[in-house]
Amino acid sequence: MSPNLIGLALGASFAAGLNLYATVATLGLLQRFGAVTLPPPLQPLAHPVVIGVALFLYVIEFFADKIPYVDTAWDTLHTFIRPPAAAILAYAVVAGVPEPWRIVAALVAGGVALTSHGTKTTARAAVNTSPEPISNWILSVGEDGVAIALAWLAAAHPIVTLGIVAALLLLSIWILVRVVRYFRRLFRSSAARKRQTVP
């Protein structure tokens, strides 16, 4: 399995965990306009119908992602969509390798997508505890930007993407730990306030 294929599979998987529809649309548009040449099994992403559906769903997600708590519900639903879709993409990317390695690639890609998706979901849930909406909007736009940039980078510079994905995975783990600690403190302070109000 070549490093180029691994970089494309992992980069697209991490991006899909953040925003599946933006990732698919970006890869399809890059292939359609000749900016990159995707592996043959991914070239159907350039079909106008695939691009159109991906863009339509991206627009829906763009607005849903800007509404506090609606974004959490949307992300919760996509726990069952983003990682499996990333696994399917990775399985297609490595079509030329023996079947056991394709299964391994799909499993790893699904785990990478679940990591980025889980980080996004928990971070957004933490931000939703703030009453102002601006930080939620900024984080949402930033996530979309990272997904689109990473999808392009994975297709155009897959070797570079390997290092970036490794760094992003470490960052994701760090963020997850911090967010979990934040929610623990929040629950403890909430429980303490309830005990104080009980006569």
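**Notebook: helix H6 and its surroundings**

I began with the largest pocket and noted that helix H1 (3–18), H6, helix H7 (134–156) and helix H8 (158–197) each supply at least two residues of its lining. I record here that the model is a predicted one.

Entry on the pocket. I looked up its volume and found about 240 Å³ of space in the largest pocket. The lining counts 14 residues, and those closest to the pocket centre are Leu18, Thr119, Glu143, Leu171 and Ile175. I sorted the lining by class and obtained 8 nonpolar, 4 polar and 2 charged residues.

Entry on H1 and H6. I next examined how these two helices pack. Their axes lie 7 Å apart and form an angle of about 35°. I noted a right-handed crossing where H1 passes H6. On the H1 side, the contact is made by Leu10, Ser13, Phe14, Gly17 and Leu18. On the H6 side, I listed Val108, Ala109, Val112, Ala113, Ser116, His117 and Lys120. The residues of this contact comprise 7 nonpolar, 4 polar and 1 charged. Leu18 thus appears in my notes on the contact of H1 with H6 and among the residues closest to the pocket centre.

Entry on H5 and H6. I then turned to helix H5 (residues 82–93), which packs against helix H6 (residues 99–127) at an angle of about 145°, the axes being 7 Å apart. H5 also passes H6 in a right-handed crossing. H5 contributes Arg82, Pro83, Ala86, Ala87, Ala90, Tyr91 and Ala92 to the contact. From H6, I recorded residues including Glu99, Arg102, Ile103, Gly110, Leu114 and Lys120. By class, I found 12 nonpolar, 2 polar and 4 charged residues in the contact of H5 with H6.

Entry on Lys120. I had met Lys120 in the contact of H1 with H6 and in that of H5 with H6. Which side chain meets that of Lys120 in a salt bridge? I found Glu61, at 3.7 Å from N to O. Glu61 lies in helix H3 (residues 48–64) and Lys120 in helix H6, so placed that the pair, 59 residues apart, links distant parts of the chain. I closed by noting that the structure holds 10 salt bridges.

Definitions and conventions:
Residues numbered from 1 in each chain as written. Predicted model: local features only at pLDDT ≥ 70, side-chain atom pairs only at ≥ 80, totals over all residues. Heavy atoms only, no water. Axes fitted to C-alpha atoms, helices over the stretch in contact; angles between N-to-C directions. Helix = DSSP H or I, 4+ residues; strand = E, 2+ residues; numbered from the N terminus. Left-handed = near helix turned anticlockwise from the far one by under 90°. Contact = heavy atoms within 4.5 Å. Nonpolar A, V, L, I, M, F, W, Y, C, P; charged D, E, K, R; others polar. 1 Å grid on protein atoms, 1.4 Å probe; cavity = no way out; pocket = protein on both sides within 12 Å on 5 of 7 lines; lining within 4 Å. Points joined across faces, edges and corners; volume = space filled by probe spheres on them. Salt bridge = Lys/Arg side-chain N within 4 Å of Asp/Glu carboxyl O.
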